[in-house]
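This report concerns the packing of helices and the surroundings of aromatic rings in a predicted model. The sequence and structure are shown below.

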Amino acid sequence: MSPQRFAVKLRRIRERKGMTQEALAAKSGVSRAYLSRLEMGRHDPPLSRLRKIAKALRVKVSELVD
C-alpha cells in the first residue's frame, strides 16, 4: 500500500471514530507531529507502529492497510 493511500484510510478511520490527532497520538504513543506526517503520506510506518495505532483506534491492522 502506498503511503498516500494509507494516509487517506488513517484519517478517515480516525475521523469516523471522532478522534483528534492529539487524542490518537496520546492513545497510540506516537507524537502528534508524526501522526500528522502519516496522514499527509510522508511516512510509511513500521508494523510495530501500525499495531499501536490500530489498537488505539480499535480496528484491525488490516483495516488500515487494505
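## Helix packing and ring contacts

In H1, the residues Phe6, Ala7, Leu10, Arg11 and Arg14 meet Leu35, Leu38 and Glu39 of H3. This contact of H1 with H3 comprises five nonpolar residues, no polar ones and three charged ones. The axes of H1 and helix H3 (residues 32-39) lie 7 Å apart, at an angle of about 120°. H1 and H3 are therefore oblique to each other, since the angle falls outside the ranges for roughly parallel (under 35 degrees), roughly antiparallel (over 145) and roughly perpendicular (65 to 115).

A further packing partner of H1 (residues 3-16) is helix H4 (residues 47-57), with axes that come within 11 Å and cross at roughly 25°. H1 and H4 are therefore roughly parallel to each other, and their crossing is left-handed. On the H1 side, Phe6, Leu10, Ile13 and Arg14 make the contact, while H4 contributes Leu50, Ile53 and Leu57. The residues of this contact of H1 with H4 comprise six nonpolar, no polar and one charged.

The geometry of the two helix pairs is set out below.

| Helix pair | Angle between axes | Distance between axes |
|---|---|---|
| H1 and H3 | about 120° | 7 Å |
| H1 and H4 | roughly 25° | within 11 Å |

Aromatic rings were also examined. With a limit of 6.5 Å between ring centres, the count of aromatic pairs is zero. A charged side chain does sit over a ring: Arg49 lies over the face of Tyr34, at 4.8 Å from the ring centre.

Note on methods. Residues numbered from 1 in each chain as written. Predicted model: local features only at pLDDT ≥ 70, side-chain atom pairs only at ≥ 80, totals over all residues. Heavy atoms only, no water. Phe/Tyr/Trp six-rings, centres within 6.5 Å; stacked < 30°, edge-to-face > 60°. Lys NZ or Arg CZ within 6 Å of the ring centre and 35° of its normal. Axes fitted to C-alpha atoms, helices over the stretch in contact; angles between N-to-C directions. Helix = DSSP H or I, 4+ residues; strand = E, 2+ residues; numbered from the N terminus. Left-handed = near helix turned anticlockwise from the far one by under 90°. Contact = heavy atoms within 4.5 Å. Nonpolar A, V, L, I, M, F, W, Y, C, P; charged D, E, K, R; others polar.
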